[in-house]
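Me: Could you take a close look at the metal site in this model, and then lead me outward from it to the rest of the chain? I am in my first year, so please go step by step.

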Amino acid sequence: MSIYNTPADAANTAVRAFLTSLGEHYLGSSFNTGSGRGKRDWEKIKHNIFKNECAYCSATGIKLQMEHLIMFNRSEYGLHHPGNVVPVCAKCNSRTKKEDKTYTSWEDHLSFICKENNEKDKFFDRWTRIRKHLGEGEFAYPQLTTEERASVRIIANHLYEKIKYEFHNALTLYKELDKTFNKK
Ligand SMILES: [Zn+2]
């Protein structure tokens with residue numbers, strides 16, 4: 001829990017909650033990786049599919065974090081869904097930004113890491129394993145149409161603006177009430 005919280009933090013959290021609910025809508029069950037079925041699914045992804053390795057650099061014997069391939073924010077609107085999550089090491093869990101300030105795709109990020117580590121020859125195998133996890137098999141990510149993706153983006157942005165607006169209202173309301181108290 002952070003100590004300093006801004007309206008934008010709350011709005012971003014609301015967007016992630018929406019992307020989580022939508023992911024669970026497509027999955028048909030909860031994907032809370034902290035307990036129950038969600039936790040078992042996440043363990044399966046780490047152990048069975050990625051063999052306890054970082055999906056990007058293949059590091060082992062380290063603590064693995066959760067990475068959303070299609071980013072879980074207002075840049076890519078990726079859903080919180082088992083097909084969209086892979087285990088990564090702390091070092092790989094930070095996407096670089098492009099010149100236009102948007103984040104690189106997971107494919108470019110993987111390519112960058114393989115080059116950095118002088119393992120360009122490993123790119124294809126790693127790419128194939130991730131692509132397979134995302135696109136087919138038990139945890140395949142839902143294939144949204146262009147219209148559906150646009151709807152997710154519009155609704156998420158609406159939610160973001162609405163939360164920020166409500167904060168502005170809350171502060172304005174307090175200031176107005178406070179004025180009436182001072183009159184007494
Ligand atoms: Zn790594």
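**The zinc site and its surroundings**

Reply: Four cysteines hold the zinc ion, namely Cys54, Cys57, Cys89 and Cys92, each through its SG atom and at 2.3 Å. Please keep in mind throughout that this is a predicted model. The angles among the four donor atoms run from 101 to 116°, and the site of the zinc ion is tetrahedral; the rule asks that all angles lie between 85 and 135 degrees, so this range meets it. Along the chain, the donors follow the spacing C-x2-C-x31-C-x2-C. The pair Cys57 and Cys89 links distant parts of the chain, since Cys57 sits in the loop between helix 2 (36-49) and strand 1 (65-68), whereas Cys89 sits in the loop between strand 2 (85-88) and helix 3 (106-116), and 32 residues separate them. Are Cys57 and Cys89 buried or exposed? Both of these cysteines are buried.

The loop that carries Cys57 also holds two residues with an unusual feature of the backbone to look at. Asn52, whose place is in the loop between helix 2 and strand 1, has a positive phi of about 60° although it is not a glycine. Ser58, which lies in the loop between helix 2 and strand 1 as well, likewise has a positive phi, here of about 65°, and is not a glycine either. With a relative accessibility of 35%, Asn52 counts as partly exposed, and Ser58, at 24%, is also classed as partly exposed. Buried means under 20% relative accessible area, so neither value falls in that class.

Next comes the loop between strand 1 and strand 2, where both Gly83 and Asn84 are found. Gly83 has a relative accessibility of 0% and therefore counts as buried, and Asn84, also at 0%, is buried too. When residues up to four places away in sequence are left out, Gly83 touches Leu69, His133, Leu134, Phe139 and Tyr141. Asn84, with its neighbours within four places likewise set aside, is in contact with Glu67, His68, Leu69, Ile70, Gly78, Leu79, Leu134 and Tyr141. If you compare these two lists, you will find Leu69, Leu134 and Tyr141 in both. The sequence distance between Gly83 and Gly135 is 52 residues, yet their C-alpha atoms are 7.4 Å apart in space.

A residue of helix 2, Lys44, can be set beside that example. Lys44 is 29 residues from Asn73 in sequence, and the C-alpha atoms of the two are 25 Å apart in space. At 33% relative accessibility, Lys44 counts as partly exposed. Apart from residues up to four places away in sequence, Lys44 touches Ile49, Glu138 and Phe139, and Phe139 is also one of the residues that Gly83 touches.

Helix 4 deserves a short stop as well. The count of aromatic pairs comes to one. In this pair, the rings of Phe124 and Trp127 have their centres 6.2 Å apart and their planes at 25°, so the pair is stacked. Phe124 and Trp127 both lie in helix 4 (residues 123-135), three residues apart, which is about one turn of the helix. Phe124, at 56% relative accessibility, counts as exposed, while Trp127, at 24%, counts as partly exposed.

Finally, the chain as a whole gives these parts their setting. The secondary structure of the protein chain comes to five helices and two strands, and along the sequence the elements follow the pattern α-α-β-β-α-α-α. The radius of gyration of the protein chain is 20 Å, well over the 16 Å that the globule rule gives for 184 residues, so the chain is more spread out than a compact globule. Taken along the principal axes, the box filled by the C-alpha atoms is roughly 75 × 35 × 35 Å. Of the 184 residues in the protein chain, 32% are buried. The protein chain exposes about 11700 Å², and carbon and sulfur atoms supply 54% of this area. Among the contacts in the protein chain with a separation of 6 or more, 65% are between residues 24 or more positions apart.

Technical notes
Residues numbered from 1 in each chain as written. Predicted model: local features only at pLDDT ≥ 70, side-chain atom pairs only at ≥ 80, totals over all residues. Heavy atoms only, no water. Donors = N, O, S within 2.8 Å, 3.2 Å for Na, K, Ca; no water. Tetrahedral: all angles 85-135°; square planar, octahedral: opposite > 155°, others 65-115°. Helix = DSSP H or I, 4+ residues; strand = E, 2+ residues; numbered from the N terminus. Buried < 20%, exposed > 50% of the residue type's maximum accessible area, 1.4 Å probe, protein only. Rg over C-alpha atoms; globule rule 2.2 N^0.38 Å. Contact = heavy atoms within 4.5 Å. Areas by Shrake-Rupley, 256 points an atom, 1.4 Å probe, with all protein chains shown as cover. Phe/Tyr/Trp six-rings, centres within 6.5 Å; stacked < 30°, edge-to-face > 60°.
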